[in-house]
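Visitor: Please take a close look at a single part of this model for me, and tell me how its surroundings are put together.

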Amino acid sequence: LRIESCITKEELAKPDEFDAQGQRCLIVGKDGNTTDLTVGRYAGLVSFTRNSADVESVELGIYNAGNKTVEVFSDKGDSGSLVWCIKDGKALIFGQLHSGANRGGSTSNHVTYCTPGWYLLAQIKKRFKYADFYRTTW
């Protein structure tokens, strides 16, 4: 699976796909160190946090795929994994996984958080303006 681009902030605001209840969502995947290849769903959960140093960050929430018998989208050791999605037949950067929350040990209510790809790439470009994220030859 070759990553060809990054999903935009605007595309995240209004996903093209719909779940069984008719709600907009986006199916995402990742290949983590602990859980290997897993599938999840992004349903528009964006959260903003500010730490004690007054630095604001943005996070995207990813739920399990929806089937209550499936494993969680991520677990300890998956941090840093690339989360991707498919749009118009192309694989796009969705974000980078950094944490999760699992209330009561049940896999049915697990949320994974990742930093949006559009934000990460913009931060990298500030420091390394010639960074090329989609190179196919060296």
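Guide: Strand β7, residues 90-102, gives the most to the lining of the second largest pocket, contributing 5 residues. The model is a predicted one, and in it this pocket has a volume of about 160 Å³. Its lining is made up of 12 residues, and those that lie nearest the centre of the pocket are S74, D75, K76, G100 and H110. By residue class, the lining of the second largest pocket divides into 7 polar, 3 nonpolar and 2 charged residues.

Strand β7 also takes part in the aromatic pairing, for which the count comes to 3 pairs. In one of them, the ring centres of Y42 and F94 are 5.1 Å apart and the planes stand at 65 degrees, which is over 60 and therefore makes the pair edge-to-face. Because Y42 belongs to strand β4 (residues 36-50) while F94 belongs to strand β7, this pair ties together parts that are 52 residues apart in sequence. Both partners are buried, Y42 with a relative accessible area of 1% and F94 with one of 0%.

Another pair joins F133 and Y134, whose ring centres are 6.2 Å apart and whose planes meet at 65 degrees, so that this pair too is edge-to-face. Here, however, F133 is partly exposed at 29% relative accessibility, and Y134 is likewise partly exposed, at 25%.

Aromatic rings also have charged groups placed over them: the charged end of K9 sits over the ring of W118, 4.5 Å from its centre, and the charged end of K30 sits over the ring of F73, 5.4 Å from the centre of that ring.

Technical notes: Residues numbered from 1 in each chain as written. Predicted model: local features only at pLDDT ≥ 70, side-chain atom pairs only at ≥ 80, totals over all residues. Heavy atoms only, no water. 1 Å grid on protein atoms, 1.4 Å probe; cavity = no way out; pocket = protein on both sides within 12 Å on 5 of 7 lines; lining within 4 Å. Points joined across faces, edges and corners; volume = space filled by probe spheres on them. Helix = DSSP H or I, 4+ residues; strand = E, 2+ residues; numbered from the N terminus. Nonpolar A, V, L, I, M, F, W, Y, C, P; charged D, E, K, R; others polar. Phe/Tyr/Trp six-rings, centres within 6.5 Å; stacked < 30°, edge-to-face > 60°. Buried < 20%, exposed > 50% of the residue type's maximum accessible area, 1.4 Å probe, protein only. Lys NZ or Arg CZ within 6 Å of the ring centre and 35° of its normal.
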